[in-house]
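The following exercises concern aromatic contacts and open space in a protein model. Each task is followed by a solution in steps.

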Amino acid sequence: MGTSVAFGCPECGRKLRLKTRSSGRQVRCRGCGTLVEVPFFPRHVGRRRSKRSRWRRWGPLAFGLVVAVLVPVLAWRWWQASLRADRAEAIAQAVAEMEQAEQAGDRSTAFLAADAALTLARQSAIDPPGGLDRLALRRDELARADVSAQLESLANQPPREALNQARAVADRVNSDPALSPLNSRSELAVSEAAQRWTSRQLTQAEAALASGNPASALAFADQLAKDLAPPPASPMASARDRLRSFVAAIVETRGIRIEPIDLTPGPTGPPAETFLSDLRQVIQDGLHRRGYVVAPPNSSLAELWNEAPFRFQTQLTEQYGASYLQSAHQTALIRTELELDHSGQTLWSDYFEARTRVPLPGLSAMESSRLEIGREPSLEIEQRFARDARADLIDKLRVKLGSLPAVEGTPSETR
């Protein structure tokens with residue numbers, strides 16, 4: 001293969017041909033005689049790369065990329081198709097279950113199956129057997145038939161179960177537009193069930209009141225108030241009015257308000273909340289035994305006691321008492337004042353003192369001797385004296401409350 005090269009003269013353009021590559025040397029043009037410098041000619045080394053060699057390098061990479069993209073797409077489409085087929089089968093099974101239950105006369109099961117099939121069909125955009133509109137119409141018809149059957153069965157149920165069932169049906173009617181034609185009927189059912197349960201509870205409450213047990217009568221009424229509390233409110237308004245009238249009549253003759261205990265703590269500090277809770281319970285029990293009625297805790301009818309004719313007040317003043325066995329420690333003394341008012345006039349009052357008992361109950365002989373010879377008072381010991389005085393207060397309070405005047409009509413055996 002030759003190595004000759006050719007190029008044009010820059011002056012006259014005549015083609016000059018050389019047998020060897022002599023870049024940089026000068027040759028004379030035969031046309032115009034000008035000395036011309038031979039230009040640089042690059043050498044061609046190796047072979048041209050063929051398209052086939054490029055394909056061998058990039059072909060596997062391109063194939064892998066195509067596979068990486070297509071496989072997930074195909075897998076996703078297959079999964080979607082499989083899922084759609086499963087949903088279509090579930091819809092068909094629910095429709096079949098609806099038809100079987102309807103033939104067996106089980107309206108509740110038929111409605112649930114129809115509702116499940118319709119919901120799944122709408123979520124997955126799959127037409128059920130017979131079409132979506134037909135299934136929706138059938139679901140609404142079954143819902144109305146199911147609710148009608150439940151309303152008809154209320155008369156055969158016990159009063160409290162009938163009220164709970166009627167309330168559940170009313171909630172269902174209010175939440176389903178297809179059941180709006182049954183709205184007035186469901187409200188009437190709630191009202192009738194509430195009246196039945198109210199009559200049952202008030203009959204028992206009146207019997208308890210007649211037997212001289214107003215606290216038990218009030219317990220029946222309070223339970224009834226809780227049963228009538230949840231919505232819907234309007235269908236049960238008349239039942240609530242009957243209940244309030246019954247309780248108001250009791251409060252008018254026996255209701256009593258227990259005022260918060262007025263406590264002045266002594267030098268050893270205020271008592272624990274458990275003591276005050278026990279004290280309030282003792283007062284409440286004593287009032288119950290004398291025929292008074294206290295508002296139940298957290299009752300929805302508690303506001304009726306704002307007009308209660310009776311009022312009970314307790315005032316406690318804690319202070320130091322005498323020294324304990326002539327030691328450096330002082331006992332505790334609690335001055336107690338009790339008062340019962342009726343319509344603003346004092347009906348009964350009493351005063352007593354509670355003290356640390358000497359010798360202190362539970363005190364060992366060694367502890368007693370240390371107290372007698374101790375020169376510096378101990379706060380821990382004096383707090384123990386205060387707790388004992390408070391225990392003495394509760395014991396004496398129980399006795400004092402027994403002298404309260406009983407409410408008129410309270411049987412003597414309950415006093």
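**Exercise 1.** Determine how many aromatic pairs the ring rule yields, and classify the pair of Tyr-292 and Phe-310.

*Solution.* Rings of Phe, Tyr and Trp (its six-membered ring) pair if their centres lie within 6.5 Å; planes under 30 degrees apart are stacked, over 60 edge-to-face, and the rest tilted. The rule gives two aromatic pairs. For Tyr-292 and Phe-310, the centres are 5.0 Å apart and the planes stand at 80°, so this pair is edge-to-face. The two residues are 18 residues apart, with Tyr-292 in the loop between α8 (273–289) and β7 (293–294) and Phe-310 in strand β8 (residues 310–323); helices (H or I, at least four residues) and strands (E, at least two) are DSSP runs, numbered from the N terminus.

The model is predicted: local features need pLDDT of at least 70 and side-chain atom pairs 80 or more, while totals for chains, interfaces and linings use all residues. Residues are numbered from 1 along each chain as its sequence is written, and side-chain values use heavy atoms, without hydrogens and water.

**Exercise 2.** Are Tyr-292 and Phe-310 buried or exposed?

*Solution.* Buried means under 20% relative accessible area, exposed over 50%, and partly exposed in between (1.4 Å probe, protein chains only). Tyr-292 has 1% relative accessibility and therefore counts as buried. Phe-310, with a relative accessible area of 7%, is buried.

**Exercise 3.** Identify the ring over which Arg-172 lies.

*Solution.* A charge sits over a ring if NZ of Lys or CZ of Arg is within 6 Å of the ring centre and within 35 degrees of the ring normal. Arg-172 lies over the face of Phe-111, 4.5 Å from the ring centre.
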